[in-house]
Amino acid sequence: MIIKSSAPCRLSLMGGSTDISPYCERFGGACLSLAINIRQQIVFDDSLPESVIPQKADWKFYNKFFEMLDYTPKKFRADFDGEITGGIGSSAAAAVALVGAIAKAKDIKYDRDEIARVAWDMEVNKIGLFGGRQDQWAAAHGGVNLFEFTDKVKTTPFSPEFIKPVLPYLMLFHTGKNRKNSKIQEGFKELTSDQIRYLDDIKELVPEAIKAIHKGDIKELGALLNVSWEYKKRSNKGVSNKEVDDLMDKAKELGALGGKSSGAGGGGYCFFLVDPLRQEQFKREIGIKYVDVGISWDGLQVRRVD
């Protein structure tokens with residue numbers, strides 16, 4: 001028996017960090033999220049010569065899932081076509097793919113929300129990777145979604161037509177340096193009044209971004225993205241540094257309508273909205289690696305091969 005499982009990473013277009021406890025339980029959070037076709041893949045296959053995981057991944061991560069979920073394959077292979085700790089939810093995509101594969105192997109009938117919940121609980125409460133819920137729900141559901149967070153998660157999916165005006169402008173890059181501090185988001189464990197105010201401001205931009213996309217007003221969306229990035233930097237000091245700030249300034253000089261560092265920040269992936277007519281010049285002059293990317297509409301995919 002062979003089990004194949006894969007799940008997508010994500011870009012948080014608007015609302016990131018409002019999905020983190022205790023903010024979301026106390027005040028409610030919201031994220032406009034894009035699942036992208038950079039995916040984590042898991043294969044359980046007893047005929048493999050040895051078990052293999054991606055470069056820079058941690059064996060302890062996989063072994064903890066096998067231990068806590070009471071299933072250890074004889075041999076498995078994990079692959080990833082992106083960068084670990086890059087800020088696009090790679091660990092959550094791996095977690096969702098693992099839970100999906102284990103559920104299939106044990107013939108457990110989880111729906112997508114249940115898989116996301118188990119994956120989040122494993123990462124945050126069992127392994128100690130503090131973070132929000134957006135990543136796991138995006139990996140499980142795929143597509144473009146509004147996620148609303150309290151002690152539960154409400155998912156409102158959008159159609160391909162909704163995001164169609166944005167995609168020609170969306171450009172993903174990698175800075176060449178992954179973030180050094182994996183605990184940036186722990187700055188949200190104990191909230192100050194200033195942090196609450198900035199997270200409130202970030203959340204209020206989500207419906208504004210949705211309105212801008214519905215109107216096809218990418219210039220307005222870019223402006224909102226820039227405002228969101230400024231609020232994000234103020235909400236948590238570890239999010240940016242001089243290199244990231246200089247990169248954002250350079251992107252604006254080259255004509256980017258808006259942009260932000262992805263995920264917890266501090267390095268890794270970043271994305272910008274750039275007029276299609278300026279993109280070739282932008283790629284040449286920005287000085288970092290361009291990454292071709294699109295929407296992953298199918299979310300978690302698991303199948304058994306007998």
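1. Right after helix α3 comes aspartate 107, with a positive phi near 55 degrees. Keep in mind that this is a predicted model, where local features need pLDDT of at least 70, side-chain atom pairs count only at pLDDT 80 or more, and totals for chains, interfaces and linings use all residues. Residues are numbered from 1 along each chain as its sequence is written, and side-chain values use heavy atoms, with hydrogens and water left out.

2. On α3 itself: the helix covers residues 90-105, and its 16 residues reach 23 Å from first C-alpha to last, close to the 22 Å expected at 1.5 Å a residue (that is, 1.5 Å times one less than the number of residues). Helices here are DSSP runs of H or I, at least four residues, and strands are E runs of at least two, numbered from the N terminus. Of the 16 residues in α3, 14 are buried (under 20% relative accessible area with a 1.4 Å probe, protein chains only).

3. Don't look for disulfides (cysteine sulfur pairs within 2.5 Å): the structure holds zero. Why is cysteine 270 in no bond with cysteine 9? Their sulfurs are 16 Å apart, too far for a bond. Cysteine 9 is buried at 1% relative accessibility, and cysteine 270 also counts as buried, at 1%.

4. The largest cavity has a volume of about 40 Å³. A cavity is a set of points on a 1 Å grid over the protein atoms alone where a 1.4 Å probe fits but cannot get out, and lining residues have an atom within 4 Å of a point. Three lining residues come from α9, the largest share; others include Asn226 and Phe272.

Notes:
Buried means under 20% relative accessible area, exposed over 50%, partly exposed in between (1.4 Å probe, protein chains only). On a 1 Å grid over the protein atoms alone, a cavity is a set of points where a 1.4 Å probe fits but cannot get out, and a pocket is an open set with protein on both sides within 12 Å along at least five of seven lines; lining residues have an atom within 4 Å of a point. Grid points are joined across faces, edges and corners, and a volume is the space filled by probe spheres set on the points.
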